[in-house]
Amino acid sequence: MEGDNSQVEMKLSNSEMDDEVGNSMGDHRDPRIMKPKHSPKNICFVIVCTLLIFLIGFLIGYLSYRGRMPTKEQSCSNADSVPCGTAEELSEDDSDTTVEATPFLEWKQLKELLREKFLLSSFESRIKDFSVNREAGSEGDQTLALTVYNEFKSFGLHSVWNDEHYVKLQSLGSTPNRVTLLGSGTTEVFESQKGYLAYSAAGQATGKLVYANYGREEDFKNLASMNIGVNGSVVIVRGGKICFAAKVANAQKVKAAAVLIYLDPADYDNMPENTEVFGHVHLGTGDPYTPGFPSFNHTQFPPARSSGLPSIPAQTITTNSARRLMSKMTGQSAPSEWKGTLSVAYNLGNDDNVQVKVEVNNVVAEKMIHNVFGVIKGLADPDQYVVIGAQRDSWGPGVAKSAVGTSLLLEMAKALSALVVKDGYKPRRSIIFASWSGGDFGSVGATEWLEGYLSVLHLKAFAYINLDAAVLGSKHFKASASPMLYTLLGNTLKEVSSPLDSNKTLYQNIGSQSWEKQTIVPMAMDDASYAFQAFSGIPSVSFSFTNDRDYPYFGTMEDNLNNLNTRTGNRVDIIARAAANVAGQMVLRLTHDHELSLDFDRYNGELYSFVFKINRFAKQLKKAGLTVKWLFSARGDFDRATETLKNNILNSDLNNPRICRAINERIMRVEYHFLSPYVSPKDTPFRHIFYGSGPHTLMSLLENLNRMNSNTSDVDIVVLQNQLALATWTIQGAANALSGDIWDIDNEF
């Protein structure tokens with residue numbers, strides 16, 4: 001109104017000035033300029049015309065805006081759109097929230113652009129370039145780290161940086177590791193020139209030689225049932241089924257003196273018999289001398305050791321050496337299913353006349369390793385990100401172990417950055433590319449990064465996609481993942497063409513009726529995704545193209561491009577391209593949609609399965625004065641919380657940034673709240689009650705209940721009561737977190 005008044009005042013003063021000027025100049029005016037006559041009729045006409053023009057302009061603008069925006073019905077019926085409606089939460093005060101109007105590429109256009117960019121990639125040439133000597137902390141590893149750093153820079157990523165970690169790695173000492181056969185008046189020495197097991201206890205051990213199949217817990221139980229003593233013996237086991245660290249840990253539990261591991265031709269076909277083998281025996285991840293905390297150079301923690309470090313010597317031997325040792329063994333014949341194809345009798349041993357001395361001279365040294373990172377920053381929520389990672393280091397050529405993953409990582413960074421820079425894609429959330437070192441020693445680089453940012457990563461990183469060992473064959477597709485990523489993975493498989501038949505999708509190639517049963521396998525501890533999932537509570541996924549038999553060449557000099565080409569039928573490039581499309585489309589879906597593509601409802605099925613198993617022991621628990629009532633109640637609360645959140649999403653306008661972010665933050669917390677808050681990350685790093693390791697896990701609770709079912713005296717009821725209570729409260733905490741604000745939570749606890 002002030003502006004209008006000043007305008008009127010200005011006109012009045014101008015008229016007065018004109019009169020004054022005219023009078024002073026003798027009223028000499030241009031006769032053609034006449035003042036209009038302001039009759040009431042003219043004034044009304046002007047007002048009506050002005051209102052009509054304004055109304056027409058408003059209608060044109062509104063209709064053009066509506067033409068660009070889908071209707072509620074159209075949005076809700078579109079598979080690629082977000083749910084519509086009104087928000088219950090934040091709806092009372094969102095007047096200051098602006099609706100996001102930034103243009104985004106359509107999903108179909110986006111995935112086609114990505115596919116086209118991968119068609120231009122030459123994965124095999126990169127794999128050749130990266131198959132160099134690059135053991136963690138070595139000069140080759142540092143050189144490759146610099147290569148990755150410079151390539152990230154050249155792609156135009158928003159930011160590129162690296163983390164330095166000072167970690168303790170174990171390597172061969174100046175004195176070779178030896179295995180000596182003692183008996184019958186002869187001595188035979190087997191020296192290992194290159195192969196060894198990192199983090200083995202150094203020293204010597206002598207004992208009777210006992211064959212223990214794969215070294216699983218059930219294998220040692222079978223030996224006990226056959227009255228074969230393992231206490232003080234040197235155990236020889238074949239590789240496969242479980243990781244090397246688990247074999248040594250199981251042998252240590254039954255008080256074996258030392259462990260020898262070999263590769264049996266039955267499990268490792270086409271492996272040269274004199275192949276040396278490398279691995280590690282730390283039953284955990286990260287630097288075992290800084291458990292639960294990061295290995296930065298400024299940390300001043302007192303000396304510590306991971307509980308997963310073995311206290312007995314362990315060493316790999318060649319297939320040929322194993323044949324010579326086992327040919328000397330006598331005693332009972334091993335069960336038929338324990339027999340491989342070494343052309344020996346496969347006796348169980350335990351003969352006092354056949355003694356073996358194991359001497360391990362490994363040394364521990366502190367080395368500097370680098371993790372290299374690059375980021376594409378998101379537009380709407382740049383502080384929320386998906387992490388894509390790959391191991392960079394390797395003992396030996398490491399083609400399938402790390403060269404393929406590093407190649408995929410760089411090609412994905414190149415393609416996704418081109419989508420942003422050249423094609424105008426604007427991801428809602430950020431994408432972090434990570435090149436890890438120390439992977440061969442137990443995901444050391446990745447775990448140290450997680451430990452360094454333990455207090456914040458679960459609030460920011462909503463998913464991890466692992467590219468390690470993505471190409472191991474061509475016939476099958478296998479994956480290990482959080483249940484929250486099953487739906488995303490399944491939808492991705494429906495859109496990526498099979499490398500075996502371009503007319504079919506991977507989903508069709510697998511079989512749509514039971515794709516999860518055929519595809520999902522348990523996540524192993526030596527999988528880099530495991531630390532993200534079980535230590536940090538970040539939904540994670542690893543996947544690989546493979547064959548009927550497991551890839552046999554990990555940790556050997558045979559992990560080379562020739563053998564990988566044989567496994568894939570000379571289609572490494574084609575299969576790597578399919579792997580890039582799988583990972584790339586998951587990344588795009590996680591950064592394109594308003595709602596995070598994390599299926600929080602999947603954990604209802606996991607909880608139901610667990611409660612169903614627990615319910616079988618209800619009578620025994622009642623006799624012990626315990627009840628499953630509150631456990632059932634906690635599961636019910638989680639179920640109700642997921643239903644409430646699903647309804648909130650359906651009734652919310654996810655185009656509203658504040659509402660969308662609030663919902664996504666609740667979804668992001670689900671995995672993290674399945675980490676038990678009642679155990680220390682330093683003493684028990686894998687706190688996840690479903691996928692972790694330790695007495696806090698649901699699996700440990702079930703094992704105790706099974707033991708009680710067999711013999712009540714074998715179970716400490718107080719320990720069992722504590723396990724049941726803490727499992728209940730962990731599940732209840734996850735339900736409470738999913739429910740949202742504290743005033744929305746109503747339970748009997």
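**Group meeting: the core, the sheet and the cavity**

Let me begin with one residue, L416, which touches L114, I376, I388, I431, F433, V587 and L588 once we leave out residues up to four places away in sequence. A second, separate core, made up of 23 residues, includes I432, L457, Y464 and A528. Please keep in mind throughout that what we are looking at is a predicted model.

Where does L416 itself belong? L416 sits in the largest nonpolar core, which has 169 residues, and together with F152 it touches the most other members of that core. As general background, nonpolar side chains in soluble globular proteins tend to be buried together. For the chain as a whole, 51% of the 749 residues count as buried, and the secondary structure comes to 24 helices and 16 strands. Among contacts with a separation of 6 or more, 80% are between residues that lie 24 or more positions apart.

Now to the sheet. Which strands form it, and in what order? Seven strands make up an open sheet with mixed pairing, and they run in the order β3-β2-β10-β5-β6-β7-β9. At the edges are β3, residues 186–192, and β9, residues 314–316, each of which pairs on one side only. From one strand to the next, the twist averages 30°.

If you would like one pair to look at on the screen, take β6, residues 234–238, and β7, residues 258–262, which pair in the parallel sense over five bridges. Within that pair, R238 stands opposite Y262 in β7. Helix α8, residues 244–253, packs on the sheet, where it touches β6, β7 and β9, and its direction makes about 145° with that of β7. Another helix, α9, residues 319–326, lies across β2, β3, β5, β6, β7 and β10, and runs at about 160° to β3.

Finally, the cavity. How many cavities of 30 Å³ or more does the structure hold? There is one, and the volume of the largest cavity is about 30 Å³. Which residues line the largest cavity? The lining consists of G156, L157, H158, I376, S417, V420 and V421, and helix α10, residues 399–421, supplies the largest share of it, namely three residues. I376, one of these lining residues, also appeared at the start of this talk, as a residue that L416 touches.

Key. Residues are numbered from 1 along each chain as its sequence is written. This is a predicted model: local features need pLDDT of at least 70, side-chain atom pairs count only at pLDDT 80 or more; totals for chains, interfaces and linings use all residues. Side-chain values use heavy atoms; hydrogens and water are left out. A nonpolar core is a set of buried Ala, Val, Leu, Ile, Met, Phe, Trp, Tyr and Cys residues joined through side-chain atoms within 4.5 Å. Buried means under 20% relative accessible area, exposed over 50%, partly exposed in between (1.4 Å probe, protein chains only). Contact means heavy atoms within 4.5 Å. Two strands pair if DSSP finds at least two bridges between them. Helices (H or I, at least four residues) and strands (E, at least two) are DSSP runs, numbered from the N terminus. Axes are lines fitted to C-alpha atoms, for helices over the stretch in contact, and angles run from 0 to 180 degrees between N-to-C directions. On a 1 Å grid over the protein atoms alone, a cavity is a set of points where a 1.4 Å probe fits but cannot get out, and a pocket is an open set with protein on both sides within 12 Å along at least five of seven lines; lining residues have an atom within 4 Å of a point. Grid points are joined across faces, edges and corners, and a volume is the space filled by probe spheres set on the points.
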